[in-house]
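Work through the following exercises with the coordinates open beside the text. Each one sets a task and then solves it step by step.

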Amino acid sequence: MTGRNEATELAAALGAQSWQQPRVTPLDRRISVDRESVERGLASLVLTVVELLRQLMERQALRRVDLGDLTEEQVERIGVTLMALEEQMVGLREHFGLAPEDLNLDLGPLGPLLPTD
């Protein structure tokens, strides 16, 4: 009760009529939250991270191929794996109704997160 007394005294000192505890409304009443938009937003965030990692792995694989330190079998396995990962990404984007550009975050002055090439 000490907090309320101090608040009442402060309100009186500031010339307010009386102090009332602020009303707190549930989160879903303050902002529009629906399951579908939350699910889509979370999927977009997760798929953005996965796409970033996929692109980084692809670039690293291309560097290693260019250096010539991989066998033909390793090159083939990397290619098949990256193609399968790309197919999975396309399927997940379609499932959540996302376009490739939906996964590219705008970092303001730094530009987009994912390269557009």
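**Exercise 1: Orientation of two helices**

Task: determine how α3 and α4 are oriented relative to each other, and give the handedness of their crossing.

Solution. The helices α3 and α4 are roughly antiparallel to each other, and the steps below show how this conclusion is reached in what is a predicted model. Two packed helices are described by the angle between their axes together with the distance between those axes. For helix α3 (residues 35-67) and helix α4 (residues 72-96), the axes come within 11 Å, and they cross at roughly 165°. Since angles over 145 degrees count as roughly antiparallel, the pair is therefore assigned to that class. The remaining step is the sense of the crossing, which for α3 and α4 is left-handed.

**Exercise 2: The residues between the helices**

Task: list residues through which α3 meets α4, and describe the contact by residue class.

Solution. On the α3 side, the residues that meet α4 include Glu-39, Arg-40, Ala-43, Leu-47, Val-50, Glu-51, Arg-54, Met-57 and Glu-58. On the α4 side, the residues in this contact include Val-75, Ile-78, Leu-82, Leu-85, Glu-86, Met-89 and Phe-96. Sorted by class, the contact of α3 with α4 has 13 nonpolar, no polar and seven charged residues.

Two of the charged residues can be examined individually. Arg-54, which lies in helix α3, has a relative accessibility of 8% and therefore counts as buried, the cut-off being under 20%. Leaving aside its neighbours within four places in sequence, Arg-54 is in contact with Leu-85, Glu-86 and Met-89. Glu-58 also has its place in helix α3, but with a relative accessible area of 32% Glu-58 is partly exposed. The C-alpha atoms of Glu-58 and Ile-78 are separated by 8.7 Å, although these residues stand 20 residues apart along the chain.

**Exercise 3: The nonpolar core and its surroundings**

Task: identify which residues make up the largest nonpolar core, and then follow the contacts of Leu-103.

Solution. The largest nonpolar core consists of five residues in all, namely Leu-47, Met-89, Leu-98, Leu-103 and Leu-114. Not counting residues up to four places away in sequence, Leu-103 touches Ser-44, Leu-47, Thr-48, Glu-51, Met-89, Arg-93, Leu-98 and Leu-114. Ser-44, one of these partners, has its place in helix α3 and counts as buried because its relative accessibility is 15%. With the same sequence exclusion of residues up to four places away, Ser-44 touches Leu-98, Asp-102 and Leu-103.

The core residue Leu-114 also takes part in a long sequence separation: Leu-56 and Leu-114 are 58 residues apart in sequence and 9.9 Å apart in space, C-alpha to C-alpha. Leu-56 lies in helix α3 and, at 46% relative accessibility, counts as partly exposed.

**Exercise 4: The chain as a whole**

Task: state how many helices and strands the protein chain has, and what share of its contacts join residues at least 24 apart.

Solution. The protein chain has four helices and zero strands, and its pattern, read along the sequence, is α-α-α-α. Of the 117 residues in the protein chain, buried residues make up 15%. Finally, when contacts between residues at least 6 apart in sequence are considered, 58% of them join residues at least 24 apart.

Definitions and conventions
Residues are numbered from 1 along each chain as its sequence is written. This is a predicted model: local features need pLDDT of at least 70, side-chain atom pairs count only at pLDDT 80 or more; totals for chains, interfaces and linings use all residues. Side-chain values use heavy atoms; hydrogens and water are left out. Axes are lines fitted to C-alpha atoms, for helices over the stretch in contact, and angles run from 0 to 180 degrees between N-to-C directions. Angles under 35 degrees count as roughly parallel, over 145 as roughly antiparallel, 65 to 115 as roughly perpendicular and the rest as oblique. A crossing is left-handed if the near helix is turned anticlockwise from the far one by less than a right angle, and right-handed if clockwise. Contact means heavy atoms within 4.5 Å. Ala, Val, Leu, Ile, Met, Phe, Trp, Tyr, Cys and Pro count as nonpolar, Asp, Glu, Lys and Arg as charged, and the others, Gly among them, as polar. A nonpolar core is a set of buried Ala, Val, Leu, Ile, Met, Phe, Trp, Tyr and Cys residues joined through side-chain atoms within 4.5 Å. Buried means under 20% relative accessible area, exposed over 50%, partly exposed in between (1.4 Å probe, protein chains only).
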